[in-house]
Amino acid sequence: MSFLEIRNIRKKIGNIEILKGIDIDLEKGGFLVLVGPSGCGKSTLLNAIAGLLPPSSGDIVIDGQVVTDLHPSKRDIAMVFQSYALYPNMTVEENIAFALEMRGVEKAQRVTAVRQVAKTLQIEHLLDRRPSQLSGGQRQRVAMGRALVRQPRVFLFDEPLSNLDAKLRVEVRAEIKALHQNTGATIVYVTHDQIEAMTLATKIVVLKEGMVQQVGSPAEIYNRPANLFVADFMGSPAMNMLKGRVAETGIALFGSNGVVVPVPPSVTKKLPDGKEVIIGLRPEAITDDGLVDPTARSIAHIAAEVSMIEPTGSDTFLTGKVDGASFTARTRAEVVTELGQSFRFAFNLDKAVVFDPETGSRID
Amino acid sequence: MSGAAETANGTVSAGSARTARYFIYATLIVLALVYLLPLYVMLTTSLKSLDEIRGGDMLALPKDPSIAAWVKAWGEACIGVSCVGIKGYFWNSIKMVVPAVFISTLLGALNGYVLTKWRFPGHRIVFGMMLFACFIPFQAVLIPMARLLGAAGMSNSTAGLVFVHVVYGLGFTTLFFRNYYEAFPDELVKAAMIDGAGFFRIFWRILLPTSGPIIVVTVIYQFTNIWNDFLFGVSFSSGEASPMTVALNNLVSSSTGVKEYNVDMAAAVFAALPTLFVYVVAGRYFVRGLMAGAVKG
């Protein structure tokens with residue numbers, strides 16, 4: 001049974017509908033990531049779960065209890081804000097203990113609880129400081145401590161890493177992941193960063209313009225995006241979108257002078273002849289011969305002119321160009337080529353997904 | 001100061017930059033002296049004897065300083081027909097100013113809190129009307145206010161004056177606090193709500209402790225205004241219940257015999273002392289930066 005249910009949530013602000021009927025289920029101990037571009041409604045949805053912004057219609061259910069009309073403090077949730085929202089006039093200890101104090105927990109018990117959380121987060125030496133005396137990463141930890149100390153039913157995170165620098169972000173991301181694994185907490189996490197979504201989530205919800213685009217595990221979202229938007233939004237560099245036309249023997253790519261590749265195995269349905277399609281292929285599915293997945297069954301070799309070389313150290317991204325269409329491939333760092341030269345790329349069609357350009361949806 | 005030479009770029013030599021700086025400081029010092037001159041005249045005159053005042057130079061230092069005029073102004077000078085000095089009126093003013101400043105500041109803070117963090121439909125109109133109240137001239141409300149005080153049984157009392165000053169000050173104090181709390185991060189209020197704090201707890205525990213600078217500004221502003229007010233004092237009180245400003249006027253204008261300039265000046269200094277005191281004391285607490293670092297960005 002699902003622990004957190006979001007039932008047909010709609011939110012109108014003025015004449016604009018921010019959320020257009022959202023339905024999501026999350027099991028106990030799950031890590032739900034709401035991801036999408038700015039303005040997609042993900043923060044609005046989180047605020048609705050928190051009770052800070054009541055929805056226009058629909059229900060929020062936590063552990064079988066409808067909490068839609070409950071005050072935020074009565075929902076047994078804790079929230080970590082983007083700005084951390086630490087009380088500037090209180091010490092770290094007072095910050096963490098505040099929620100317990102408001103709930104009438106006795107002083108001795110509060111102290112014990114705070115010490116324990118501080119130990120978990122390794123901030124014991126900071127307890128007497130004020131937020132202004134802490135670094136960004138330390139503030140982040142205190143904010144998490146404030147949420148942890150209450151042992152709430154659901155944790156809500158509102159873009160908690162976006163104010164940290166790149167290195168710290170990776171560190172704290174790992175800490176949040178470890179925290180989830182160690183405590184088994186149920187978490188709803190908002191981010192616009194698709195890497196955060198992939199690394200942390202047990203379940204990802206991709207939102208766009210107030211509508212759910214796809215719900216699924218990170219692998220499902222990544223490998224079988226439901227539509228062109230999800231395919232483009234998740235993954236970096238973005239998925240290659242190659243225009244093609246269904247022919248007798250397969251799908252013709254790169255116009256009249258191009259090649260015909262077999263229909264990818266992800267498509268089970270018979271495609272009508274002459275239909276325009278878009279083949280989505282991630283950069284790591286287009287490689288040099290040395291990096292071809294030995295278990296792959298459907299490989300097509302296509303020669304293309306190299307128009308850009310981007311070494312990352314571990315591997316090199318090549319941009320190939322055929323007949324005006326270009327694509328990004330991920331090759332070994334050892335590959336030797338030059339701009340303008342022709343290069344033989346191996347397309348792993350096992351990994352390809354096919355989209356209908358008219359509806360934007362995936363064709364199965 | 002060491003920055004003076006550095007800020008002067010290549011085209012200006014360090015020497016001429018320093019000359020310019022001297023000129024600026026000299027001008028500022030001269031202007032400050034001009035500004036302080038009346039205070040100097042008040043103080044020196046209050047320490048002189050009447051003979052010396054009549055015969056001499058207004059700017060000269062007293063030959064034989066004496067605080068006799070101060071003692072007389074405090075305890076013996078005649079205001080109207082009673083010759084008991086200004087001390088009673090001084091306390092009248094204190095009894096009026098302290099509650100009026102306290103109540104109007106507290107209510108202003110509450111108003112600002114509600115208008116920024118607990119917005120309700122029409123909050124703009126309410127704030128607009130309060131702002132409008134700031135710009136109604138004192139004279140326009142005198143007669144309606146007198147009727148109101150009479151009806152409430154508060155005419156010619158300190159309580160009545162407190163009431164008038166609270167009502168009149170509310171527009172300004174609300175404006176101050178609203179603008180200050182407008183910049184106060186909403187996320188802190190949301191966090192406190194989730195933590196389980198209610199309307200007043202959030203106010204007492206989160207907002208008020210971080211409002212130091214604006215409280216000081218409001219208190220200085222309100223204290224100065226209310227203490228220095230003459231019009232409301234003279235309109236809504238009389239005789240024994242008058243505040244200091246009215247008593248000072250009565251003292252200076254009701255001379256029956258010789259005009260005692262030294263006593264007048266001493267009384268005027270007494271009238272000015274509390275506001276000076278508030279500036280000196282509260283100014284020290286005018287420290288910003290408590291909010292720094294609470295919220296990044």
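User: Before we get to chain B, where do domain bounds come from?
Analyst: Domain bounds are taken from an automatic or database domain assignment, and on that basis chain B is divided into domain 1 (3-66) and domain 2 (87-284). This is a predicted model, in which local features need pLDDT of at least 70, side-chain atom pairs count only at pLDDT 80 or more, and totals for chains, interfaces and linings use all residues. Residues are numbered from 1 along each chain as its sequence is written, while chains are lettered from A and ligands numbered from 1 in the order in which they are written.

User: How many residues are in contact between those two domains of chain B?
Analyst: Seven residues of domain 1 of chain B are in contact with seven residues of domain 2 of chain B, where contact means that the C-beta atoms, placed from the backbone, lie within 7 Å.

User: And which element gives the largest share on the domain 1 side?
Analyst: On the side of domain 1 of chain B that touches domain 2 of chain B, H2(B) gives the largest share, four residues; helices here are DSSP runs (H or I, at least four residues), strands are E runs of at least two, and both are numbered from the N terminus.

User: Switching to chain A, what is its mean pLDDT?
Analyst: Chain A has a mean pLDDT of 89, with 99% of its residues at 70 or more, pLDDT being the predictor's confidence in each residue, from 0 to 100. Among the elements of chain A, strand S13 (residues 259-261) has the lowest mean, 79, and strand S3 (residues 31-35) the highest, 94.

User: How far apart are the C-alpha centres of its domains 1 and 2?
Analyst: The C-alpha centres of domain 1 of chain A and domain 2 of chain A are 38 Å apart.
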